[in-house]
Amino acid sequence: MGEKRAVLVGINYPGTKAELKGCHNDVARMRRCLVDRFGFDKSGIRVLVDDGSGPQPTGANIRRELARLVGDARPGDLLFFHYSGHGTRLPAETGQDDDTGYDECIVPCDMNLITDQDFTELVQKVPRGCLFTIVSDSCHSGGLLDKTKEQIGHSTKQNQTQRRELEERSDSGSSFRAFLKETVRDVFESQGIHLPHRSRRQSDDGDDFEEESRYIDTADAHVKNRSLPLSTLIEMLKEKTGKDDIDVGSIRMTLFNLFGDDASPKIKKFMKVMLNKLQQGQHGGVMGFMGALAQEFLKAKLEGNQEQLEPAMEQEVHSEQEVYAGTTARVPSNGVLISGCQTDQTSADATTPKGVSYGALSNAIQAILAEHGKVTNKELVLKARKMLSKQGYTQQPGLYCSDEHASVAFIC
């Protein structure tokens, strides 16, 4: 057995429009769990939380810790990454007719987004014989390891069976009403709007925040979702830059202008493609979609300090499709993603009447481990789905990995 190492990130965004409550608690509980249950050495766990106690969970710091985690890995090592915070979906901005997808992203405290392709390329670097498990308790997290085989998700037989069983337990009228209600709810939640649920389960336990409690009492919890709507992201970028002209078509350019070499590699590649378009005099089509303000921004970059463009121009881009929203990277073979929800869903951030806050998936994981001990990745996700459904949540955790890794023990 090799080394066990982990990076844990919890972001509450205090004092902002995006403020959450439970992400620091999620990380504290997971850290204790790794040490007490899975035998991790405390020195092998790196924690980034935005509480002012240490390094902030900025985009650059998270990437740096993840690069170190993977870069130092050897065959036989166990690598683990837990993220609690906002997720968001960045729409296409190239203007090409066939660029119609989204980049699923996690949202660091400084808004320096980390994309699904960043995660896919990170997992590709994991040495053979070394397993990298990712738990993302965030919205839209089902796509973070895009192109990886879906073991449990929207299209699985388990999900279809659960729906059939629900229909069989209801008469046709109530079944249709339930279907219509959930369809409307899913539409709202896919846009980052969380509709409250009436809890269908009362806990016999107290809701004291203890490591080995079976679960936190979720009855009457105040729930907010962990999705950062595009409109909120744009407003926060306007506040950071002092510019009022940011909108879809200039988000990636704004991120590059803010963070330069620390921006997502995919955003730097996007900038290279756009700059090349402008240099080649292609002002229609792609550039037309971006609008006059974005074009003026690019022209100023080209006419100004060329050193500022080096992080983009140094990127290796083989085709324009590489910067399309979504990912074209090959499937990682030794990565496991446990997502808080599906790509088009939101994950819940809840606070009990006694002030205990948590992520719905994170709380479910702790409850399942406390009750059952060792479980496989597949068992964990199926049990989490069942538990969250009983608690009134519509989010459906997912499992994305190879057939082999679906049946291995969670973490170790």
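**A buried loop residue, a ring cluster and two crossing helices**

Tyr 13 is a buried residue, with a relative accessible area of just 2%. In this predicted model, Tyr 13 sits in the loop that runs between strand 1 (4–10) and helix 1. Its backbone is worth a look too: the phi of Tyr 13 is near 50°, a positive value in a residue other than glycine. Something similar turns up at Ile 411, which is not a glycine either but has a positive phi of about 65°. Ile 411 belongs to the segment after helix 13, and at 5% relative accessibility Ile 411 counts as buried.

Stepping back to the whole chain, there are 13 helices and 13 strands. Of its 412 residues, 54% count as buried. The surface that the chain exposes comes to about 17900 Å², and carbon and sulfur atoms supply 47% of that. Contacts across the sequence are well represented: among contacts with a separation of 6 or more, 75% join residues 24 or more positions apart.

Aromatic rings give some concrete cases of such long-range pairing. The count of aromatic pairs comes to 3. One of them joins Phe 38 and Phe 410, an edge-to-face pair at 6.1 Å centre to centre, with 80° between the planes. Phe 38 is found in the loop between helix 1 (23–36) and strand 2 (45–49), while Phe 410 is in the segment after helix 13 (403–406), so this pair ties together parts that are 372 residues apart in sequence. Phe 38 is buried at a relative accessible area of 9%, and Phe 410 is buried as well, at 1% relative accessibility.

Phe 410 has another ring partner, Phe 80. Here the ring centres are 6.1 Å apart and the planes stand at 85°, so the pair of Phe 80 and Phe 410 is edge-to-face. Phe 80 comes from strand 3 (residues 78–84) and Phe 410 from the segment after helix 13, so the pair ties together parts that are 330 residues apart in sequence. Like Phe 410, Phe 80 is buried. Put together, ring pairs link Phe 38, Phe 80 and Phe 410 into a cluster.

Next come the helices, beginning with helix 7. With 7 of its 9 residues buried, helix 7 is largely enclosed by the rest of the structure. The buried ones are Ile 251, Arg 252, Met 253, Thr 254, Leu 255, Phe 256 and Phe 259. Right after helix 7 comes Gly 260, with a positive phi near 55°.

Helix 7 (residues 251–259) also meets helix 8 (residues 265–279): their axes come within 9 Å and cross at roughly 110°. That crossing makes helix 7 roughly perpendicular to helix 8, because angles of 65 to 115 degrees count as such. On the helix 7 side, the contact is made by Arg 252, Met 253, Leu 255 and Phe 256, and on the helix 8 side by Ile 267, Lys 268, Phe 270 and Met 271. Sorted by class, the contact has 6 nonpolar residues, 2 charged ones and no polar ones. As background, an α-helix has 3.6 residues a turn, so residues three or four places apart point the same way.

Helix 3 (residues 116–124) is mostly covered too, with 7 of its 9 residues buried. Those residues are Asp 116, Gln 117, Asp 118, Phe 119, Thr 120, Leu 122 and Val 123.

Finally, there is Ala 325, which lies in the loop between helix 10 (310–313) and strand 10 (335–339). Ala 325 counts as buried, because its relative accessibility is 13% and the cut-off for buried is under 20%. The C-alpha atoms of Ala 325 and Asp 99 are separated by 6.5 Å, although these residues are 226 residues apart along the chain. Leaving aside neighbours within four places in sequence, the contacts of Ala 325 include Leu 90, Pro 91 and Ala 92, along with Asp 99, Gly 101, Tyr 102 and Asp 103. Ala 325 is also in contact with Lys 266 and with Arg 252, the latter being one of the helix 7 residues that make the contact with helix 8.

Note on methods: Residues are numbered from 1 along each chain as its sequence is written. This is a predicted model: local features need pLDDT of at least 70, side-chain atom pairs count only at pLDDT 80 or more; totals for chains, interfaces and linings use all residues. Side-chain values use heavy atoms; hydrogens and water are left out. Axes are lines fitted to C-alpha atoms, for helices over the stretch in contact, and angles run from 0 to 180 degrees between N-to-C directions. Helices (H or I, at least four residues) and strands (E, at least two) are DSSP runs, numbered from the N terminus. Angles under 35 degrees count as roughly parallel, over 145 as roughly antiparallel, 65 to 115 as roughly perpendicular and the rest as oblique. Contact means heavy atoms within 4.5 Å. Ala, Val, Leu, Ile, Met, Phe, Trp, Tyr, Cys and Pro count as nonpolar, Asp, Glu, Lys and Arg as charged, and the others, Gly among them, as polar. Buried means under 20% relative accessible area, exposed over 50%, partly exposed in between (1.4 Å probe, protein chains only). Accessible areas come from the Shrake-Rupley method with a 1.4 Å probe; for residues, only the protein chains shown count as cover. Rings of Phe, Tyr and Trp (its six-membered ring) pair if their centres lie within 6.5 Å; planes under 30 degrees apart count as stacked, over 60 as edge-to-face and the rest as tilted.
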